[in-house]
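I opened the notebook for a slow look through this chain. Here is what I looked up, in the order I went.

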Amino acid sequence: MTGTDPGTSIHFRLRIDGIDLGDWSSCDGLGCEVEVEQHQEGGNNGFVWQLPSRVRYTNVTLTRPLIPDTAKVARLLSALPQGITRGTAQIAALRPDRALLVQWGLADVVLVRWTGPSFGPSRSEAATESIELAYNGFLEVG
């Protein structure tokens, strides 16, 4: 592979507070947006000021087929009733040879949703799970 490989066929590794939750096949929603407030200045008819106010971070959802690492997620879920704490997370995009493509650090992470598989005799697709995380910012990763 060359240094300009666009990162096709990648998968994602998730760690929360140092706990490796394994590889995930998709990652959706990673992003942020700066909210802008408009301010009209008296006597200035040429433009309206666009003033940045706060940063909003979208929830991120990772999805994968059920694998043995699903048990690690179950242990994380079993600790939720004892109290929800904010932690840190790292999401790494990996090439098929497991080489690191890029990595994101997330601050003040809270697990807000886990969705398990739906089973039924008429279903022939793979059983999947997804995990949704809320966070309050990005961290530098090295």
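**Overall size.** I started with the radius of gyration, which is 20 Å for the chain, while a compact globule of 142 residues would have one near 14 Å. I kept in mind that this is a predicted model. Next I took the box along the principal axes, and the C-alpha atoms fill roughly 70 × 45 × 35 Å.

**Secondary structure.** I listed the elements and got one helix and 10 strands. Reading along the sequence, I noted the order as β-β-β-β-β-β-α-β-β-β-β.

**Burial, surface and contacts.** How much of the chain is buried? I found that buried residues make up 28% of the 142. For the surface, I noted about 9,000 Å² exposed, with carbon and sulfur atoms supplying 52% of it. Then I turned to contacts with a separation of 6 or more, and 63% of them join residues 24 or more positions apart.

**Charges.** I looked up 12 positive and 16 negative charges in the chain, and their mean positions are 7 Å apart.

**Aromatic pairs.** A search of the whole structure gave me four aromatic pairs. One of them is Tyr57 with Phe138, an edge-to-face pair at 5.7 Å centre to centre with 70° between the planes. Which parts of the chain does this pair tie together? Tyr57 sits in strand S5 (residues 49–57) and Phe138 in strand S10 (residues 137–139), so the pair links parts that are 81 residues apart in sequence.

I checked the second partner of Phe138 too. The ring centres of Tyr135 and Phe138 are 5.6 Å apart and their planes stand at 65°, so I wrote this pair down as edge-to-face as well. Over 60 degrees is the cut-off for that label. Put together, ring pairs link Tyr57, Tyr135 and Phe138 into a cluster.

How covered are these three residues? I have Tyr135 as buried, at 3% relative accessibility. Tyr57 is partly exposed at 24%, and Phe138 is also partly exposed, at 36%.

**Ala127.** I went on to a loop residue. Ala127 lies between strand S8 (100–115) and strand S9 (128–134). With a relative accessible area of 24%, Ala127 is partly exposed. Which residues does Ala127 contact, leaving aside its neighbours within four places in sequence? My list reads Arg64, Pro65, Leu66, Pro117 and Phe119. I looked up one of these partners further: Pro117 is 10 residues from Ala127 along the chain, and their C-alpha atoms are separated by 5.0 Å.

**Glu35.** My last stop was a residue in a strand, since Glu35 is found in S4 (residues 32–39). Is Glu35 buried or exposed? Its relative accessible area is 17%, and the cut-off for buried is under 20%, so Glu35 counts as buried. Leaving aside neighbours within four places in sequence, I noted contacts from Glu35 to Leu51, Pro52, Ser53, Arg54 and Arg56.

Note on methods
Residues are numbered from 1 along each chain as its sequence is written. This is a predicted model: local features need pLDDT of at least 70, side-chain atom pairs count only at pLDDT 80 or more; totals for chains, interfaces and linings use all residues. Side-chain values use heavy atoms; hydrogens and water are left out. Helices (H or I, at least four residues) and strands (E, at least two) are DSSP runs, numbered from the N terminus. The radius of gyration is taken over C-alpha atoms; the globule rule is 2.2 Å times the number of residues to the power 0.38. Buried means under 20% relative accessible area, exposed over 50%, partly exposed in between (1.4 Å probe, protein chains only). Contact means heavy atoms within 4.5 Å. Accessible areas come from the Shrake-Rupley method with a 1.4 Å probe; for residues, only the protein chains shown count as cover. Lys and Arg count as positive and Asp and Glu as negative; His and the chain ends are not counted. The place of a charge is taken as NZ of Lys, CZ of Arg, CG of Asp or CD of Glu. Rings of Phe, Tyr and Trp (its six-membered ring) pair if their centres lie within 6.5 Å; planes under 30 degrees apart count as stacked, over 60 as edge-to-face and the rest as tilted.
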